[in-house]
Amino acid sequence: MSDFPEEPIYEQLARVGKALASPVRLRLLDVLDQRERTVEELAQAAGVPLKNTSAQLQQLRSAHLVTGRKEGARVYYRVADERVSRFLAELRGFAHDRLADLRDAVRARLGSLEGVTAGELAARLADPGTVVVDVRPVTDFAAGHVPGAISLPLAELRERLDELPRQARIVAYCGGPYCAVSSQAVRLLGEHGYDARTLDGGYLGWRHRPAGE
């Protein structure tokens, strides 16, 4: 007999905690929160071996954090719904506020570049002097992007610098809050004399910005 009558309830609550208690599964959720992918695409984007990706997906599906749809012989996975997306955004923000080690790890990965918040960018979108650059792969851009953004994947940026106005104030972004690609792009742009800043939180930060911004 249970020591307390609520134990079965907490066991069910713990299923979500167990599903999230893995750096690999959190990484997979961040990638799937950006857009749906096949298991092969997910493994490549997350940098996780394919076999391990499949096993971790099953854990996430069992907690109803991830769902899939079949198209021909392929299954496309995504976060289960918008509530999962919002929960992940809240989790990241809560952990960032509470854990100094997390803040240190983020700074170590991204550096100390000054960024633009999603709210600041929203207020500047109508400004013709602001140019928004999406440095993600074109498939990610096609799945969703900041309105008016230009698709310039990092691998092509150096060769396409002449497409950017010299006097523009550039805001570059990539996928999520821990993606370093936009930081690399901003450093490259700065080396060539451009006024460039990153978008705090990347595309996910834009998607999850507070209502009204």
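In which sense do strand β5 (residues 130-134) and β6 pair, and over how many bridges? They pair in the parallel sense, over 2 bridges. Keep in mind as you look around that this is a predicted model. The briefing below visits two sheets, one with antiparallel pairing and one with parallel pairing, along with some of the helices.

**The sheet with antiparallel pairing**

- Start with an open sheet of 3 strands, whose order is β1-β3-β2 and whose pairing is antiparallel.
- The edges of this sheet are β1 (37-38) and β2; each has a single partner strand, so one side of each is left without a neighbour in the sheet.
- Strand β2 (residues 66-71) meets strand β3 (residues 74-79) in the antiparallel sense, and 6 bridges link the pair.
- To trace this pairing yourself, find threonine 67, which stands opposite arginine 78 in β3, and then glutamate 71, which stands opposite arginine 74 in β3.
- Together β2 and β3 make a hairpin with 2 residues between them.
- Within the turn of that hairpin sits glycine 72, with a positive phi of about 65°.
- On the other pairing of β3, 2 bridges join this strand to β1, and the two run antiparallel.
- Here arginine 37 stands opposite tyrosine 77 in β3, while threonine 38 has tyrosine 76 in β3 as its bridge partner.
- As you follow any of these strands, a general rule is handy: in a regular strand, side chains alternate between the two faces of the sheet.
- Helix α4 (residues 50-62) lies across β2 and β3, and runs at about 115° to β2.

**The sheet with parallel pairing**

- Next comes an open sheet of 5 strands, with parallel pairing and the order β4-β8-β7-β5-β6.
- At its edges stand β4 (115-116) and β6 (150-151); each has a single partner strand, so one side of each lacks a neighbour in the sheet.
- The opening question concerned β5 and β6, and in that pairing aspartate 134 stands opposite serine 151 in β6.
- Helix α10 (residues 181-191) lies across β7 (169-173) and β8 (195-199), and its direction is at about 175° to β8.

**A helix with a kink**

- Helix α1 (residues 7-20) has 14 residues, which at 1.5 Å a residue should span 20 Å; its end C-alpha atoms are 20 Å apart, so the two values agree.
- Even so, α1 has a kink of about 25°, centred on alanine 14.

**Two helices that cross**

- Helix α5 (residues 82-98) and helix α6 (residues 100-110) have axes that come within 5 Å and cross at roughly 105°.
- That angle makes α5 roughly perpendicular to α6.
- On the α5 side, the contact is made by Ala95, His96, Asp97 and Arg98, and on the α6 side by Ala100, Leu102 and Arg103.
- Sorted by class, this contact of α5 with α6 has 3 nonpolar, 1 polar and 3 charged residues.

Notes. Residues are numbered from 1 along each chain as its sequence is written. This is a predicted model: local features need pLDDT of at least 70, side-chain atom pairs count only at pLDDT 80 or more; totals for chains, interfaces and linings use all residues. Side-chain values use heavy atoms; hydrogens and water are left out. Helices (H or I, at least four residues) and strands (E, at least two) are DSSP runs, numbered from the N terminus. The expected span of a helix is 1.5 Å times one less than its number of residues. The bend at a residue is the angle between axes fitted to the seven residues ending there and the seven starting there. Two strands pair if DSSP finds at least two bridges between them. Contact means heavy atoms within 4.5 Å. Axes are lines fitted to C-alpha atoms, for helices over the stretch in contact, and angles run from 0 to 180 degrees between N-to-C directions. Angles under 35 degrees count as roughly parallel, over 145 as roughly antiparallel, 65 to 115 as roughly perpendicular and the rest as oblique. Ala, Val, Leu, Ile, Met, Phe, Trp, Tyr, Cys and Pro count as nonpolar, Asp, Glu, Lys and Arg as charged, and the others, Gly among them, as polar.
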